[in-house]
Amino acid sequence: LIISDLFDVKFRYDAVMQQWRTIFSLNQRFEFELQDERVRVVGNMAWITVKEFINSSTEPLLTTNVFEYHCDHWFMVHHHSSLLLEGGNIFGPLAN
């Protein structure tokens, strides 16, 4: 990702925040079941990895959230979720 100036950063931030507002303003209820939570804190940074099952799904999302401690609060500075890949391969099970 190449960001050319501070205006571009602000524009991208606003676009991402608008997407989250849209998702959470829908009349859909989100229920999360969390498994295998792992937390690591080093200084003012922390990251959490977890398997998320959303709305009774059978396949988890692998999620990483990164936080920064600033002014007596923890702020999420990065979020990523992706589907669990069978055998760690985007093409399915590993061949013998």
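**A pocket lined by helix and sheet**

In this predicted model, the lining of the largest pocket is made up of 16 nonpolar residues, five polar ones and one charged residue. Together, 22 residues line this pocket, and those nearest its centre are Trp20, Asn65, Met76, His79 and His80. The pocket has a volume of about 670 Å³. Several elements share in building its wall: α1 (6–25), β1 (32–42), β2 (45–54), β3 (61–70) and β4 (73–83) each provide at least two of the lining residues.

The strands that contribute to this wall are worth following in their own right. Four strands make up an open sheet, arranged in the order β1-β2-β3-β4 with antiparallel pairing. At its edges lie β1 and β4, each of which pairs on one side only. From one strand to the next, the twist averages 20°. As a general reminder, strands of a sheet pair through backbone hydrogen bonds, in either a parallel or an antiparallel manner.

The pairing of β1 with β2 can be traced residue by residue. These two strands run antiparallel and are joined by nine bridges. Among the partners, Phe32 is matched with Ile54 of β2, while Val39 has Ile48 of β2 as its bridge partner. The two strands form a hairpin with two residues between them, and here Gly43 adopts a positive phi near 60°.

Side-chain contacts between opposite charges complete the picture, with a count of two salt bridges in the model. One of them connects β1 and β2 again: Lys51 forms a salt bridge with Asp36, and the closest N and O atoms are 3.2 Å apart. This pair links distant parts of the chain, since Lys51 sits in strand β2 and Asp36 in strand β1, 15 residues apart. Lys51 has a relative accessible area of 26%, so this residue is classed as partly exposed. Asp36 also counts as partly exposed, because its relative accessibility is 40%.

The other salt bridge is formed by Arg29 and Glu31, whose closest N and O atoms are 3.2 Å apart. How exposed is Arg29? With a relative accessibility of 64%, Arg29 counts as exposed, because the cut-off for that class is over 50%. Glu31, in turn, has a relative accessible area of 44% and is therefore partly exposed.

Note on methods
Residues numbered from 1 in each chain as written. Predicted model: local features only at pLDDT ≥ 70, side-chain atom pairs only at ≥ 80, totals over all residues. Heavy atoms only, no water. 1 Å grid on protein atoms, 1.4 Å probe; cavity = no way out; pocket = protein on both sides within 12 Å on 5 of 7 lines; lining within 4 Å. Points joined across faces, edges and corners; volume = space filled by probe spheres on them. Nonpolar A, V, L, I, M, F, W, Y, C, P; charged D, E, K, R; others polar. Pairing = 2+ DSSP bridges. Axes fitted to C-alpha atoms, helices over the stretch in contact; angles between N-to-C directions. Salt bridge = Lys/Arg side-chain N within 4 Å of Asp/Glu carboxyl O. Buried < 20%, exposed > 50% of the residue type's maximum accessible area, 1.4 Å probe, protein only.
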